[in-house]
Amino acid sequence: MHTQAGGPLSRRRFLALSAAGVTVGGAALNGCALPVAGGVGGSDETVTLMVKAEDISPELIRQARRDLGIRIVTVRYDITKLIAMLTSGNPPDLVRGVGAVDTPYYAARDVAEELDPYFAASTVLKAEDLDPVNDLWRYDGRTQGKGPRYGMVKDFSQDSMYWYNTAHFDEAGIAYPPPSEPVTYEEWLDRAERLTRRRNGQTIVFGGSYNGLYEATNLSTLTAAAGGSLFDDDLARIDFTTPEARKALGWYIDYCRTRVGPSAIQPDPNAWDGPTYQAGRMAMSNSGYWLGGMINTDEKLAKVSRLAPAPVFAGGARVSPCQGGTGFWMPRKARNKDAAWRVFEWFFGEAPAKARAGGGWGIPSLKSLRPLMPAEHDHQRRVLAAQEAELEHFSVISFTPYITAEGFKALFNQVAPAAMKGEISVDTLAGRLNSTINEQLDRGKEQVG
């Protein structure tokens with residue numbers, strides 16, 4: 001089952017990885033993973049996972065030992081430490097990653113193992129059972145969504161869908177969004193303005209949050225909805241001045257200027273939408289299906305919450321991608337690949353995957369596990385119907401291999417607040433973003449070679 005590990009990590013590729021961690025602030029990742037069924041076991045097997053604390057619990061680590069006979073050792077995810085481990089030839093066996101933004105980055109630098117041979121031999125993770133969202137972990141050197149598989153999604157949401165609290169709509173006398181037909185982005189922003197509540201100059205209820213998971217994926221999605229692409233065909237240049245990208249950027253800056261929701265110039269004290277929505281201080285949140293895992297823990301909130309389709313631009317395409325796709329990838333130089341794959345299978349296709357599916361914290365990445373999604377109560381069935389109808393509008397939006405999502409965020413937030421405050425025009429912002437981000441993309445392309 002072993003595949004060719006490849007040659008040593010070159011100085012050029014080391015510098016390419018180092019630049020991500022130092023020059024532009026590192027890479028942010030999300031996910032979980034783990035075994036060919038029945039092929040590996042025994043108390044002498046150890047698999048090292050580089051993860052964040054929330055990725056795999058101590059109980060799951062103990063369960064893996066009971067179920068598989070494999071000892072899991074975790075290393076806290078840190079981009080600088082990952083670079084050091086990769087360049088020393090002693091990487092973790094599995095590393096957390098966000099498929100939407102990390103797949104091209106690591107594949108282009110030739111540090112990620114191609115997993116197609118493992119999938120082909122697996123009796124747990126079968127190709128026909130993989131949800132299309134797993135194509136986020138494919139990259140053929142030019143296009144994301146095609147070519148070899150480098151990882152798998154733990155669970156997912158279509159992150160431009162949004163939750164809304166009907167109590168806020170009732171109080172404001174605003175009609176609910178249609179359950180199956182999308183509103184326009186302009187209509188969404190108008191509703192958000194009408195739903196916002198302020199007192200003594202302070203926002204006490206955000207009308208709506210629309211930041212997506214990352215600035216890069218959010219703006220890429222908005223541009224696709226306007227009928228264009230944020231990056232050029234080889235993903236090496238960005239252009240905010242095209243009509244479609246300009247429309248997307250203009251809408252997002254309008255969202256920030258009107259201060260209807262959290263942004264770089266009006267941060268949410270809770271740092272993310274969940275607690276704010278749960279406290280009744282946010283009327284709409286584009287957090288996607290996975291937020292239902294939290295909403296379902298509060299019966300009162302669950303009964304007044306609805307999930308709505310991703311908005312559209314008038315005359316534009318209907319797109320509803322996943323901006324995350326957290327999962328695991330396997331370094332090419334991993335030393336215990338077969339045991340790592342057994343853990344991979346177990347985590348993505350066996351007991352842990354089934355437990356996640358039943359919790360409502362994301363859509364299972366295996367189609368066979370969808371019947372486990374919460375549907376006991378009327379509000380859960382209503383949400384599930386909205387989500388199932390949205391699945392047909394899923395698509396993969398390619399991300400560049402030449403900058404990390406965190407690097408993009410750092411550069412965007414250096415330039416964009418002036419436009420959010422009305423100090424510069426959107427056209428001026430577009431030009432500055434082009435200059436700033438393309439300079440980093442040029443460096444990234446040089447590093448990849």
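In this predicted model, Trp-188 has contacts with residues from several parts of the sequence. Setting aside residues up to four places away, Trp-188 touches Tyr-162, Val-183, Gly-208, Ser-209 and Tyr-210. Trp-251, Tyr-255, Met-284 and Pro-311 complete this list of contacts. Trp-188 also belongs to the largest nonpolar core, which has 104 residues. Within that core, Trp-188, Phe-240, Leu-249 and Trp-251 touch the most other members. Helix α9, residues 243–257, supplies the largest share of this core, with 8 residues. Another core lies apart from it and holds 32 residues. Met-330, Ala-340, Phe-348 and Leu-366 are among the members of that other core.

Helix α9 was examined next. It has 15 residues. From first C-alpha to last, α9 reaches 21 Å, close to the 21 Å expected at 1.5 Å a residue. The buried residues of α9 are Ala-245, Ala-248, Leu-249, Gly-250, Trp-251, Tyr-252, Ile-253, Tyr-255 and Cys-256. These buried residues pack against α7 (185–195), α8 (215–225), α16 (405–415), α17 (417–420) and α18. Two of the residues named for the core, Leu-249 and Trp-251, are thus found again in the buried part of α9.

The pairing of α9 with α18 was then described in detail. Helix α18 spans residues 426–448. The axes of α9 and α18 come within 10 Å and cross at roughly 115°. The crossing is right-handed. On the α9 side, the contact is made by Arg-246, Leu-249, Gly-250, Ile-253 and Arg-257. On the α18 side, Val-426, Asp-427, Leu-429, Ala-430 and Leu-433 take part. Sorted by class, this contact has 6 nonpolar, 1 polar and 3 charged residues.

The loops on either side of α9 were also considered. Leu-235 sits in the loop between α8 and α9. Its relative accessibility is 5%, so Leu-235 counts as buried, the cut-off being under 20%. The phi angle of Leu-235 is near 60°, a positive value in a residue other than glycine. Leu-235 and Thr-400 are 165 residues apart in sequence, yet their C-alpha atoms are 4.9 Å apart in space. Thr-400 is also one of the contacts of Leu-235, once neighbours within four places in sequence are left aside. The others are Arg-142, Ser-398, Phe-399, Pro-401 and Tyr-402.

Arg-259 follows α9. It lies in the loop between α9 and α10 (273–278). Phi of Arg-259 is positive too, near 55°, and this residue is again not glycine. Arg-259 has a relative accessibility of 32%, so it counts as partly exposed, a class that runs between 20% and 50%.

A final site is His-168, in helix α6, residues 166–172. The relative accessible area of His-168 is 13%, and because this is under 20%, the residue is buried. Beyond residues up to four places away in sequence, His-168 touches Leu-195, Val-205, Gly-280, Met-282 and Ala-283.

Methods:
Residues are numbered from 1 along each chain as its sequence is written. This is a predicted model: local features need pLDDT of at least 70, side-chain atom pairs count only at pLDDT 80 or more; totals for chains, interfaces and linings use all residues. Side-chain values use heavy atoms; hydrogens and water are left out. A nonpolar core is a set of buried Ala, Val, Leu, Ile, Met, Phe, Trp, Tyr and Cys residues joined through side-chain atoms within 4.5 Å. Buried means under 20% relative accessible area, exposed over 50%, partly exposed in between (1.4 Å probe, protein chains only). Helices (H or I, at least four residues) and strands (E, at least two) are DSSP runs, numbered from the N terminus. Contact means heavy atoms within 4.5 Å. Axes are lines fitted to C-alpha atoms, for helices over the stretch in contact, and angles run from 0 to 180 degrees between N-to-C directions. A crossing is left-handed if the near helix is turned anticlockwise from the far one by less than a right angle, and right-handed if clockwise. Ala, Val, Leu, Ile, Met, Phe, Trp, Tyr, Cys and Pro count as nonpolar, Asp, Glu, Lys and Arg as charged, and the others, Gly among them, as polar. The expected span of a helix is 1.5 Å times one less than its number of residues.
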